[in-house]
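Colleague: Got a minute to go through this fold with me? I'd like to know the reason behind each label.

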Amino acid sequence: METFQVYTAGATKHVSNDESYQWRKSTRDCLEKVNERYNVNVFIPSESFNYDTLLPKTEKQCMNYFLHKVSKSDLLLVNLDNSNSSVGTGMEVQKAFDTGIPIIGFGTKNIYPWIKEHCDIVFEDRFDALVYIKEYYLL
């Protein structure tokens, strides 16, 4: 069985913990049970470091860890909402872009245009993005 790693990128600092985490968790619930061909792993950054309980020793440690995880992923799913105020999201998308990792985006509000332009395809909502990922990458 092949392993397929999905990195979930999106704003964390200027949104609630719940808003940042719930879309990632439901993405994991949806993709990790697609079929028997792949062992799908959905990486949720806040399960490694967050701004409340799981603090890195340094910001550099956190940045390097997340960018390393991006570089080892097969696909980056980015929530574009509020990306106009999320430097980390831009760095993660740039890393994926520079390393040839497919970038699937979704969202409609407060989008930074350069981040959107780095996406291979953009959907208005997460559901359509997940259907696309299933059909074109996992089935």
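Modeller: Sure, and keep in mind that this is a predicted model. Let's start with the sheet: it is open, has 5 strands in the order E2-E1-E3-E4-E5, and the pairing is parallel.

Colleague: Why are E2 and E5 said to stand at the edges?

Modeller: Each of E2 and strand E5 (121–123) has a single partner strand, so one side of each is left without a neighbour in the sheet. From one strand to the next, the twist averages 20 degrees.

Colleague: How do you know that E3 and E4 pair?

Modeller: Pairing takes at least two bridges. E3 and E4 run parallel and are joined by 4 bridges, so they count as a pair by that cut-off. As for partners, Leu76 is bridged to Ile103 in E4.

Colleague: Which strands do the helices H1 and H5 touch?

Modeller: H1 packs on the sheet and touches E1, E2, E3 and E4, with its direction at about 160 degrees to that of E1. H5 packs on the sheet too, touching E1, E2, E3, E4 and E5, and its direction makes about 160 degrees with that of E4.

Colleague: What makes a group of residues a nonpolar core?

Modeller: The residues have to be buried, of a nonpolar kind such as Val, Leu or Ile, and joined through side-chain atoms within 4.5 Å. The largest one here has 17 residues, and Val6, Leu31, Val40, Leu77, Ile104 and Ile133 have the most contacts inside it. Elements giving two or more residues include strand E1 (2–10), helix H1 (17–31) and helix H5 (126–138). H5 gives the most, with 5 residues. Apart from this core lies another, of 16 residues, with Tyr7, Phe43, Phe49 and Cys62 among them.

Colleague: And what does Ile104 touch?

Modeller: Leaving out residues up to four places away in sequence, its contacts include Leu77, Ile121, Phe123, Ala129 and Ile133.

Colleague: Why is Asn82 called buried?

Modeller: The cut-off is under 20% relative accessible area. Asn82 has 13%, so it counts as buried. Asn82 sits in the loop between E3 and helix H3 (87–98), and has a positive phi of about 65 degrees without being a glycine.

Colleague: What makes Asn110 partly exposed?

Modeller: Partly exposed is what falls between the 20% and 50% limits. Asn110 has 43% relative accessibility, so that label fits. Its phi is positive as well, near 55 degrees, and Asn110 lies in the loop between E4 and helix H4 (113–117).

Methods: Residues are numbered from 1 along each chain as its sequence is written. This is a predicted model: local features need pLDDT of at least 70, side-chain atom pairs count only at pLDDT 80 or more; totals for chains, interfaces and linings use all residues. Side-chain values use heavy atoms; hydrogens and water are left out. Buried means under 20% relative accessible area, exposed over 50%, partly exposed in between (1.4 Å probe, protein chains only). Contact means heavy atoms within 4.5 Å. Axes are lines fitted to C-alpha atoms, for helices over the stretch in contact, and angles run from 0 to 180 degrees between N-to-C directions.
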